[in-house]
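Colleague: I'm used to gels and assays, not coordinates. Could you walk me through reading a model like this one?

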Amino acid sequence: MVSVAEPRRSWRRRRRLHGHPAKYLVLPVGLLLVLLIAPMTYLLVVSLRPPSITGISGPGGPTLDNYEQVLTTDFYRQVLVTSAFIATTSLVITLAIGIGLAYILAFRADRLEMPLLLLLVLADQTPTITKVYAWRILLGRQGVINSGLERLGLDDPIDALLFSRAAVIIVLSVTFIPFATIPVYAAMKAIDLSLLESANDLGAGFMTRLTRIILPLAAPGIFIAIILVYIPLFSEFIAPTMVGGTGGYMIGSAISDQILDNGNWGVGTALSFMLLLLTAAAAALSYYLARIKQLSSA
Amino acid sequence: MWVFVAAVFALLYVPLFILAAFSLNDSIIVALPFRGFSFEWYSAALDDVDVREAVGNSLLVALAVVPLSVTVGTLAAFGLTRFRFRLKSAVAGLVGAPLVVSWLVMGVGALLLFSALSIPLSLKTIGAVHIMASFPLVTAIVSARLIRFDRSIEEAALDLGALPRTVLARIVLPQLIPSLVASALLVFAWSFNNFTLSFFTAGFETTFPIWVYSNVEHARALPIVNAVSTFVLGVQILLTFLVWYLLRLRPGGRSAAAPLLPGLATTERTDG
């Protein structure tokens, strides 16, 4: 990217016109310090203190007890494994569908491009709770799919549809499609069409164009999609609670149960802080990879 | 190719159509077969005190959050696009953080803070957390507009003797109005729909998503859940169309809406 530095005079003039940046930033930054940074710091502090049955934390010095409990108890280890499995499987499915859909929208949809994009945004704007609830109606024991199968003569309903790991994966993979599609679409839309045309003229087939031009240039969008999808997937707890049962019990459900139902702040905050670290790591990695891709393609 | 597209949109929309169909079904059991059309669940929902309170609370919170969130978000957008200063990238990273950090973790943190400071949980605590988590969406949308803004117009006005506040009122604000209205509608839907942050900071209050969540195990309440959910869905779809329409009406028309639309959606999240 080439950017020409603006003359200093212009910036000085802007300060004269608008005043000092602090005037604009005190309120937003203050709000984030009080309601985001302070709670996250306190979260870390509580997770490093001995657990307590009556209060937020017990007496005593800093300890890694809560983390040790999470990492050594079979129950929590199982929860971590289930979460990683469900989040990763759903990510792969939703990304595969999203990249396919983004390609069609960006290069093949012609006049349907805008209407389909609007439908995608509409699907994204509906309340998550409503979407998950609607799937519950479909997947239940007496749900639409099972009773439909019964009518077709298969009178042995599929028990496993609701309250299973598969149900959580289905619901999550579908509800995250708009999310995975839109950033990839935006990146593909920015690709210079003449590149594809000249590749075509020089005899490159569809796969060559896809793997050598489209996917590398869409990579920053794909990385954004991964952050936008993977982090919420890991901390998901509406779908696990509403359609997951015991087989689909994830970290989010564990945090919510420990803190809201059991008052176990120690384990709850330790799990939350682990999620926060994972978020930071995923964001940093995606940012780094997106930058490398941008630099190497520039 | 079109089979794939049709299948994807069917997965996205068929569950919602079935939900809407059941809301009109004349039966207390939410299962096939359909027993005929009836609006009884809509009138039952209207008579239900809990439903009215939950939807009313969501409306109240959203209506309070919108003006504050748009103001704070616009201030941040001005601060971040119009100045150079040390720590600018740190401030930008901080403002972007709520778009990435999981709502669950933010909710737990806010609950922890409120209980440590003995602040009782109420609609106000929900609202405060909603403002903190939603203003970065406004900042993203308004910044996108401010960056493309032709500043020489402002400088010309200034050279011609206009006061800074005249420049703001006559030149800057009129250009920002579509972005501001779009952000307001977006934040309204965002706040109304948000489950996770509200769930952790609500205490004994209910909002629409919390009400749905706590009623899915009650078979007798399900037809009412269907009716209210369908109604809310309808209103949300109308709002989204309105955003779309507003952005299309801008100078530049259809093409001006296109780049903003992905921008709108990438700032939305679905984890609650």
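Modeller: Sure. Start with surface: accessible areas come from the Shrake-Rupley method with a 1.4 Å probe. Keep in mind that this is a predicted model. For chain B the accessible surface comes to about 11400 Å², and carbon and sulfur atoms account for 71% of that.

Colleague: And how much of chain B is buried?

Modeller: A residue is called buried when its relative accessible area is under 20%. In chain B, 55% of the 272 residues are buried.

Colleague: What is chain B built from, in helices and strands?

Modeller: Chain B has 12 helices and zero strands. Read from the N terminus, its elements are simply α-α-α-α-α-α-α-α-α-α-α-α. For the fold, look at which parts of the sequence meet: of the contacts in chain B between residues at least 6 apart in sequence, 70% join residues at least 24 apart.

Colleague: Now the interface. How many residues of each chain are in contact?

Modeller: On the chain B side, 94 residues are in contact with 98 residues of chain A. The other way to read an interface is by area: about 8800 Å² is buried between chain B and chain A, with 80% of it from carbon and sulfur atoms.

Colleague: What polar links are there across it?

Modeller: Between chain B and chain A, seven residue pairs are in polar contact. Helix α1 (residues 2-23) gives the most to the side of chain B that touches chain A, with 13 residues. By class, that side of chain B has 70 nonpolar, 13 polar and 11 charged residues.

Colleague: Where do salt bridges come in, and how many does the structure hold over all chains?

Modeller: The rule asks for a side-chain nitrogen of Lys or Arg within 4 Å of a carboxyl oxygen of Asp or Glu. Over all chains, the structure holds three salt bridges. Let's start inside chain A: A:E113 pairs with A:K189, with their closest N and O atoms 3.0 Å apart. This pair links distant parts of the chain, since A:E113 is in helix α5 (residues 113-125) and A:K189 is in helix α9 (residues 177-189), 76 residues apart.

Colleague: Are those two partners buried or exposed?

Modeller: They differ in class. A:E113 is buried, at a relative accessible area of 11%, while A:K189 is partly exposed, at 41%. Leaving aside neighbours within four places in sequence, A:E113 is in contact with A:L105, A:Y185 and A:K189.

Colleague: Which salt bridge crosses between chain B and chain A?

Modeller: The rule finds one salt bridge across that interface. B:E217 meets A:R136, with the closest N and O atoms 3.7 Å apart. B:E217 sits in the loop between α10 (208-215) and α11 (222-249) of chain B, and A:R136 is in helix α6 (residues 128-139) of chain A, so the pair joins two chains. B:E217 is exposed, with a relative accessible area of 55%. A:R136 counts as buried because its relative accessibility is 13%.

Colleague: And which side chains in chain B meet in a salt bridge?

Modeller: B:R82 and B:E154, at 2.8 Å from N to O. Here too, the pair links distant parts of the chain: B:R82 is in the loop between α3 (49-81) and α4 (88-100), B:E154 is in helix α7 (residues 151-159), and they are 72 residues apart. Both B:R82 and B:E154 are buried.

Colleague: Let's finish with one residue. Where is the place of A:S47 in chain A?

Modeller: When I read a single residue, I go from its element to its exposure to its partners. A:S47 is in helix α2 (residues 21-47) of chain A. A:S47 counts as buried because its relative accessibility is 0%.

Colleague: Which polar partners does the side chain of A:S47 have?

Modeller: For a polar contact, the pair of N or O atoms has to lie within 3.5 Å. A polar atom of the A:S47 side chain lies 2.8 Å from the backbone oxygen of A:L44. The side chains of A:S47 and A:Y67 are also joined by a polar contact, of 2.7 Å.

Colleague: And what does A:S47 touch beyond its sequence neighbours?

Modeller: Not counting residues up to four places away in sequence, A:S47 touches A:T63, A:N66, A:Y67, A:G266, A:T269 and A:A270. So A:Y67 turns up twice, as a touching residue and as a polar partner, because contact just means heavy atoms within 4.5 Å.

Technical notes
Residues numbered from 1 in each chain as written. Chains lettered and ligands numbered in written order. Heavy atoms only, no water. Helix = DSSP H or I, 4+ residues; strand = E, 2+ residues; numbered from the N terminus. Buried < 20%, exposed > 50% of the residue type's maximum accessible area, 1.4 Å probe, protein only. Polar contact = N/O pair within 3.5 Å; in protein donor to acceptor, adjacent residues only side chain to side chain. Buried area = accessible area lost by both parts, 1.4 Å probe. Nonpolar A, V, L, I, M, F, W, Y, C, P; charged D, E, K, R; others polar.
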